[in-house]
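Visitor: I would like a close look at a single part of this model. Please take me through the metal site, and then show me what else can be read at the level of residues.

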Amino acid sequence: MQVYTCPFCGLRDEREFFFAGEAGAARPDTTGPVSDAEWAEYVRMRRNALGRAREVWMHLTCGELFVMERDTLSARVLGSVALRRAPGGREGADGAGSVDGPDGEGAP
Amino acid sequence: MGGYSALRLLREGLRDQRGWRPAWRSPKLRKAYDIVIVGAGGHGLATAYYLARNHGITDVAVLEKGWLGGGNTGRNTTVIRSNYYYPESCALYDLSLRLYEGLSRELNYNVMFSRRGMMILHHSEHEREIAARTVNAMRLNGVDAELLDRDEVRARAPLLNFGEDARHPILGAVWQERAGTGRHDAVAWGYARAADRLGVEIVQNCEVTGFIVEGGTCKGVETSLGPVRAGRVGMAVAGHSSHLAAMAGFRLPLTSYALQAFVSEPLKPMLDCVVASPAHGVYISQSDKGGLVMGGALDRVPTYGQRGNLPVQEDVLGGLVDCFPAIARVGLLRQWAGIVDVSPDSSPILGPSPLPGLYLNCGWGTGGFKAIPAGGLLFAHILAQGAHHPISAPFDLTRFERGRLIDEGAASGIAH
Ligand SMILES: Cc1cc2nc3c(=O)[nH]c(=O)nc-3n(C[C@H](O)[C@H](O)[C@H](O)COP(=O)(O)OP(=O)(O)OC[C@H]3O[C@@H](n4cnc5c(N)ncnc54)[C@H](O)[C@@H]3O)c2cc1C
Ligand SMILES: [Zn+2]
């Protein structure tokens with residue numbers, strides 16, 4: 001059994017977590033025209049990286065959404081950081097330092 | 001190299017088995033081929049065979065980073081069926097089933113295709129409605145299907161849980177008589193041997209590490225044994241498709257997950273068909289050696305580690321014991337996992353890639369063993385002609401842009 005870190009609750013059983021999707025996918029700017037290809041790229045295409053990956057996960061028991069950085073080959077967790085911002089606009093607290101903020105670019 | 005036959009078995013038996021030769025050569029990698037196929041799983045090997053056999057193209061290399069058949073082809077639970085919902089899928093999977101029916105003869109290799117029939121159980125009135133709809137759709141598509149009631153299910157699999165206290169009471173099943181199982185390794189080995197005999201070169205321990213791109217076109221591959229040029233390149237690397245796509249500079253609509261399987265200690269014959277229960281999320285058959293071959297849902301964590309996690313093991317084995325209470329105390333012999341390439345509509349991707357000269361055979365996910373003969377035949381057509389076969393056309397990558405998905409994940413009633 002693996003344990004993941006919820007930024008809110010700490011170390012918890014993997015069964016309590018839900019994989020929500022890859023982090024860093026930017027929704028097309030709908031103030032201008034968006035082609036079918038651009039929508040498909042956003043909605044369907046995935047990096048599905050072998051190795052380091054940044055993903056959005058939810059801790060189902062508390063409802064916290066956060067970014068987890070993992071190695072998809074070894075299953076090692078490299079860090080978790082909350083997506084929620086603390087009052088006053090600070091980045092979420094308690095996250096492992098290695099993870100980019102929610103608006104950061106995906107790792108190459 | 002002689003063909004395989006009963007007479008030959010007898011002869012070799014009488015002379016201490018000294019006359020057998022390796023079933024395929026181990027050629028050195030050359031610098032250029034007409035066609036290079038990446039991945040010596042069932043799909044890559046079948047593609048090479050049909051390129052030689054149907055299109056007369058024999059200057060073909062199949063490059064494999066490990067050993068041939070060591071990927072999902074050698075790890076799957078060997079269910080062969082064509083009980084899909086949409087006409088496009090039925091055309092594809094039923095072609096495959098028909099090819100399986102004659103495959104041992106075609107390849108002169110016993111792939112042990114056993115047409116033992118398969119039932120997909122339903123456990124509620126609502127599931128029964130959907131089951132009836134599925135049966136009708138299959139029949140309209142020319143695929144054999146029957147709706148079984150509870151007693152007919154009991155007659156075929158009396159050890160199923162018909163108790164009053166069953167978590168999911170059994171109401172009936174969708175039955176496909178022509179479905180069955182095969183010997184997974186034999187499918188890889190049979191295609192490898194037959195392709196090799198037609199001149200195809202299979203190079204194992206040769207990992208593709210990049211693509212040679214000139215003027216925006218794929219002209220070959222970089223490998224751990226050096227560069228190789230090719231007129232056309234086809235990739236059939238299952239769970240590693242996104243990884244290779246990244247090397248070629250594009251993304252695919254795929255997520256790689258571990259799919260686990262289990263086999264029990266050998267038992268006396270207790271089950272002579274394949275049984276699947278979507279409500280429990282499990283399926284089971286008994287191999288010729290007596291082992292129960294069991295599987296279930298995907299691990300929900302995207303991964304490239306061929307292990308499989310404990311929560312899914314608990315769910316699958318718990319579900320099986322619910323279905324077949326008699327197996328609760330049977331010992332497990334092995335557990336393993338393969339990395340499957342799951343697409344958004346649970347249908348495969350066949351055809352050109354965004355990089356000209358590079359072609360895709362991927363997205364088979366949890367169900368591509370049954371599709372090996374058809375996948376190979378169609379991919380060979382695509383690589384030989386540079387254009388789709390009518391049966392492969394709906395499975396083109398551009399369907400995700402056109403929105404014309406073939407959503408078998410929702411429609412087929414199968415757990416994954
Ligand atoms: C546990 C399990 C149960 C399953 N059960 C069923 C079932 O009952 N029925 C069914 O129809 N399907 C089933 N499947 C799915 C089926 O196994 C696959 O869809 C099918 O085998 C895919 O065949 P393939 O040839 O595309 O891939 P593979 O057999 O995986 O072959 C791909 C090959 O590519 C090689 N490769 C990868 N990267 C590189 C590289 N860079 N360079 C060179 N080579 C590379 C790999 O080493 C591998 O040998 C199951 C899968 C699993 C894991
Ligand atoms: Zn939490």
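Guide: Start with A:C6. It is buried, with a relative accessible area of 1%. The cut-off for that word is under 20%, so A:C6 falls well inside it. Keep in mind that this is a predicted model.

A:C6 is one of the protein donors of the zinc ion (ligand 2). It gives its SG atom, as do A:C9 and A:C62, while A:H59 gives ND1. These donors lie 2.0 to 2.3 Å from the zinc ion. The angles among the four donor atoms run from 107 to 113 degrees. A tetrahedral site needs all angles between 85 and 135 degrees, so the site of the zinc ion (ligand 2) is tetrahedral.

Now follow the donors along the chain. Their spacing reads C-x2-C-x49-H-x2-C. A:C6 and A:C62 link distant parts of the chain, 56 residues apart. A:C6 sits in strand β1 (residues 3-6) of chain A. A:C62 sits in the loop between β4 (52-59) and β5 (64-71) of chain A. The cover differs too: A:C6 is buried at 1%, whereas A:C62 is partly exposed, with a relative accessible area of 32%.

Chain B offers other details. Take helix α10 (residues 372-385) of chain B. Its 14 residues should span 20 Å at 1.5 Å a residue, and its end C-alpha atoms are 20 Å apart, which agrees. The helix is mostly covered: twelve of the 14 residues are buried. Among them are B:I372, B:P373, B:L377, B:F379 and B:H381. After α10(B) comes B:G386, with a positive phi near 70 degrees.

Another helix of chain B, α3 (residues 87-101), holds B:E88. Is this glutamate buried or exposed? B:E88 is buried, with a relative accessible area of 16%. Neighbours within four places in sequence aside, B:E88 is in contact with B:P394, B:F395, B:R404 and B:I406.

Finish with a hairpin. Strands β9 (residues 208-214) and β10 (residues 217-223) of chain B run antiparallel and are joined by six bridges. One bridge pairs B:G210 with B:E222 in β10(B). Two residues lie between the strands of this hairpin, and B:G215 takes a positive phi near 55 degrees.

Key
Residues are numbered from 1 along each chain as its sequence is written. Chains are lettered from A and ligands numbered from 1 in the order in which they are written. This is a predicted model: local features need pLDDT of at least 70, side-chain atom pairs count only at pLDDT 80 or more; totals for chains, interfaces and linings use all residues. Side-chain values use heavy atoms; hydrogens and water are left out. Donors are N, O and S atoms within 2.8 Å of the metal (3.2 Å for Na, K and Ca); water is not among the atoms, so sites may look incomplete. Four donors count as tetrahedral if all angles lie between 85 and 135 degrees; four count as square planar and six as octahedral if opposite donors are over 155 degrees apart and all others between 65 and 115; anything else is irregular. Helices (H or I, at least four residues) and strands (E, at least two) are DSSP runs, numbered from the N terminus. Buried means under 20% relative accessible area, exposed over 50%, partly exposed in between (1.4 Å probe, protein chains only). The expected span of a helix is 1.5 Å times one less than its number of residues. Contact means heavy atoms within 4.5 Å. Two strands pair if DSSP finds at least two bridges between them.
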